[in-house]
Structures are given as structure tokens and as C-alpha cells.
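Biologist: Mind walking me through this one? I'll ask, you reason it out.

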Amino acid sequence: AGDACVQAVAQAVQQAMVRSTDMVARYGGEELVAVLPDTDVAGAATVAAADAPTARTRSAPREAAVVGS
């Protein structure tokens, strides 16, 4: 289920990318990286702000952690 969730989020974020040169890739187990060529910090922040709601709506709800007594 974890792989499917990461793939769904990556696909949704990739579809939200505007420029054909931008891409999303899996980095490690559950992390994603957005490659934004020729983008300054302000531009990257704009992309991140636009993609965050998309990623949140595609992510799976997490089960509550149970802490032993």
C-alpha cells in the first residue's frame, strides 16, 4: 500500500507541473524530489506551495500510533 501511495502522489504532483522540463522522481523509500531546471528559490517556493495541496489530497491517511504503557 505504501508504494501505491507514493506512486499516486508522484503522479498527481507530476501532472500539476506546468513546464515540460519539470519532473518528479522518487528519492529513497518514501521521499519525492521535484527537479525544476532554471528555477530560482522564489519559483521553487511557488511550485511547492501549488503542489502541496495536491500531495496532501493524494496521500493515504495514517493510522494513529499506539504507545505502550
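Biologist: What span does α1 reach from its first C-alpha to its last?

Modeller: This is a predicted model, where local features need pLDDT of at least 70 and side-chain atom pairs count only at pLDDT 80 or more, while totals for chains, interfaces and linings use all residues. Residues are numbered from 1 along each chain as its sequence is written, and side-chain values use heavy atoms, with hydrogens and water left out. Helices (H or I, at least four residues) and strands (E, at least two) are DSSP runs numbered from the N terminus. α1 has 15 residues, and the expected span (1.5 Å times one less than the number of residues) is 21 Å, with the model close to that at 21 Å.

Biologist: Within what arc do the buried residues of α1 fall?

Modeller: Buried means under 20% relative accessible area, exposed over 50%, and partly exposed in between (1.4 Å probe, protein chains only). In α1 the buried set is Cys 5, Val 6, Val 9, Ala 10, Ala 12 and Val 13. They line one face of the helix, because seen down its axis (taking directions from the axis to the C-beta atoms) they fall within an arc of 165°.

Biologist: And which exposed residues does the face turned away from the buried side of α1 carry?

Modeller: Flip α1 over to the face away from its buried side, and the exposed residues there are Gln 7 and Gln 15.

Biologist: Which residue of helix α1 meets Arg 26 in a salt bridge?

Modeller: A salt bridge here is a side-chain nitrogen of Lys or Arg within 4 Å of a carboxyl oxygen of Asp or Glu, and a search of the whole structure finds two. Arg 26 has its N to O contact at 2.8 Å. Arg 26 sits in strand β1 and its partner in α1, so the pair ties together parts 23 residues apart in sequence. That partner, partly exposed at 46% relative accessibility, is Asp 3.

Biologist: In the salt bridge of Arg 19 with Asp 22, how far apart are the closest N and O atoms?

Modeller: Arg 19 is partly exposed, with a relative accessible area of 35%, whereas Asp 22 is buried at 5%. Their closest N and O atoms are apart by 2.7 Å.

Biologist: In β2, what is the bridge partner of Val 24?

Modeller: Two strands pair if DSSP finds at least two bridges between them; β1 and β2 have five, in the antiparallel sense. They form a hairpin with three residues between them, and Gly 28 in the turn has a positive phi of about 80°. Across from Val 24, the partner is Ala 34.
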